[in-house]
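Please open the structure in a viewer and keep the sequence beside it. The tour proceeds by selections, each followed by a description of what is found there.

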Amino acid sequence: SANVRFIFTVHSLLSEDPFSKSRSSLLIEKLTYSGRQEIIAVSKTVLEDYSRMIKIKGRSHVLYNYIEDDFFQQKPFAKATKNILRLVAVGNLKEVKNYFFLLDLFTRLKSNPVTLDIYGSGPQYEELNAFIRMSKINVRLMGVRSDIISVLPDYDAFVMASLYEGFGIALIEAMAVG
């Protein structure tokens with residue numbers, strides 16, 4: 001119906017991924033986007049990137065805070081346990097998140113009291129898991145958690161090695177819990 005609004009969200013720099021990897025995805029987006037649709041972007045940069053690639057014709061908005069209030073009301077941050085630095089990373093297991101950079105660092109830190117737990121799932125799971133097992137590094141793939149809000153405070157620090165982010169929601173969530 002002409003009275004039904006179609007609203008969609010944009011969370012990352014689409015010019016970097018997927019548009020740079022697939023010209024057909026860019027073409028499909030240009031053909032399917034219309035001025036009757038409304039865009040909600042996670043940052044001004046993400047919205048400007050989309051506009052540069054697609055040319056926004058309709059209404060658009062930036063919703064700056066995607067973080068639930070509960071993230072700001074969590075228990076105090078954990079203290080280092082047994083002189084071990086416990087690091088955490090959260091995100092999709094895909095190339096743009098640059099997890100192999102972190103794994104390479106951990107091959108150099110084998111004799112140091114530092115661990116990394118990575119929460120998320122995605123296409124690089126098997127490859128990352130094989131590298132971790134082969135390298136015998138102190139890194140674990142923890143899978144997806146619906147209660148990440150209660151997991152983050154158990155770590156000493158959050159790490160992110162992304163090649164780019166439109167708006168790093170996981171980073172902001174980690175900052176919100178301290």
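The stops below begin with the whole chain and then turn to individual residues and spaces.

**The whole chain**

Please note at the outset that this is a predicted model. Display the protein chain as a ribbon; its secondary structure comes to six helices and seven strands. Following the sequence from its start, one reads the pattern β-α-β-α-β-β-α-β-α-β-α-β-α. Next, colour the 178 residues by accessibility: 38% of them count as buried. Consider also the contacts in the chain between residues with a separation of 6 or more: 72% of these involve residues 24 or more positions apart.

**Asp117 and its surroundings**

Select Asp117, which has its place in strand β5 (residues 114-119). Is this residue buried or exposed? Asp117 has a relative accessible area of 3% and is therefore buried, since the cut-off for that class is under 20%.

Now show the side chains around Asp117. Leaving aside residues up to four places away in sequence, Asp117 touches Arg86, Leu87, Val88, Ala89, Arg140, Met142 and Tyr155. With which side chain does the side chain of Asp117 make a polar contact? The partner is the side chain of Tyr155, at 2.6 Å.

**The aromatic pairs**

Select the aromatic residues next. How many aromatic pairs does the structure hold? There are six. A pair of aromatic rings is described by the distance between the centres and the angle between the planes.

Begin with Phe8 and Tyr33. Their ring centres are 6.2 Å apart and their planes stand at 75 degrees, so this pair is edge-to-face. Phe8 belongs to strand β1 (residues 6-10), while Tyr33 is in the loop between α1 (23-32) and β2 (37-41); the pair thus links distant parts of the chain, 25 residues apart. Phe8 counts as buried at 14% relative accessibility, and Tyr33 counts as buried at 3%.

Go on to Tyr119 and Tyr155, an aromatic pair that is edge-to-face, with 6.2 Å from centre to centre and 80 degrees between the planes. Because Tyr119 lies in strand β5 and Tyr155 in the loop between α5 (148-151) and β7 (157-158), this pair ties together parts that are 36 residues apart in sequence. Tyr119 is buried at 5% relative accessibility, and Tyr155 is buried with a relative accessible area of 2%. Tyr155 has already appeared on this tour as the polar contact partner of Asp117.

To complete this stop, select Phe6, Phe8, Tyr33 and Tyr50 together. Ring pairs link these four residues into a cluster.

**The largest pocket**

Switch to a surface display. Rolling a probe the size of a water molecule over the atoms shows where empty space is left. The largest pocket has a volume of about 560 Å³. Its lining consists of 25 residues, and the closest to the centre of the pocket are Val90, Gly91, Asn92, Lys97 and Ala170. Which helix gives the most to this lining? Helix α6 (residues 169-177) does, with three residues. When the lining of the largest pocket is coloured by type, it divides into ten nonpolar, nine polar and six charged residues.

**The largest cavity**

Cut through the surface to view the enclosed space. The count comes to one cavity of 30 Å³ or more, and about 60 Å³ of space lies in the largest cavity. Select its lining: Ala89, Val90, Lys97, Tyr99, Phe158, Val159, Met160, Ala161 and Ser162. By type, these residues divide into seven nonpolar, one polar and one charged.

**Two residues with positive phi**

Finally, select Asn98, in the loop between β4 (85-90) and α3 (99-108). Phi of Asn98 is near 60 degrees, a positive value in a residue other than glycine. Asn98 counts as partly exposed, at 22% relative accessibility.

The last selection is Lys136, which is placed in the loop between α4 (125-135) and β6 (139-143). Lys136 is not a glycine, yet it has a positive phi of about 55 degrees. Is Lys136 buried or exposed? At 68% relative accessibility, Lys136 counts as exposed, because the cut-off for that class is over 50%.

How values were computed:
Residues numbered from 1 in each chain as written. Predicted model: local features only at pLDDT ≥ 70, side-chain atom pairs only at ≥ 80, totals over all residues. Heavy atoms only, no water. 1 Å grid on protein atoms, 1.4 Å probe; cavity = no way out; pocket = protein on both sides within 12 Å on 5 of 7 lines; lining within 4 Å. Points joined across faces, edges and corners; volume = space filled by probe spheres on them. Helix = DSSP H or I, 4+ residues; strand = E, 2+ residues; numbered from the N terminus. Nonpolar A, V, L, I, M, F, W, Y, C, P; charged D, E, K, R; others polar. Buried < 20%, exposed > 50% of the residue type's maximum accessible area, 1.4 Å probe, protein only. Polar contact = N/O pair within 3.5 Å; in protein donor to acceptor, adjacent residues only side chain to side chain. Contact = heavy atoms within 4.5 Å. Phe/Tyr/Trp six-rings, centres within 6.5 Å; stacked < 30°, edge-to-face > 60°.
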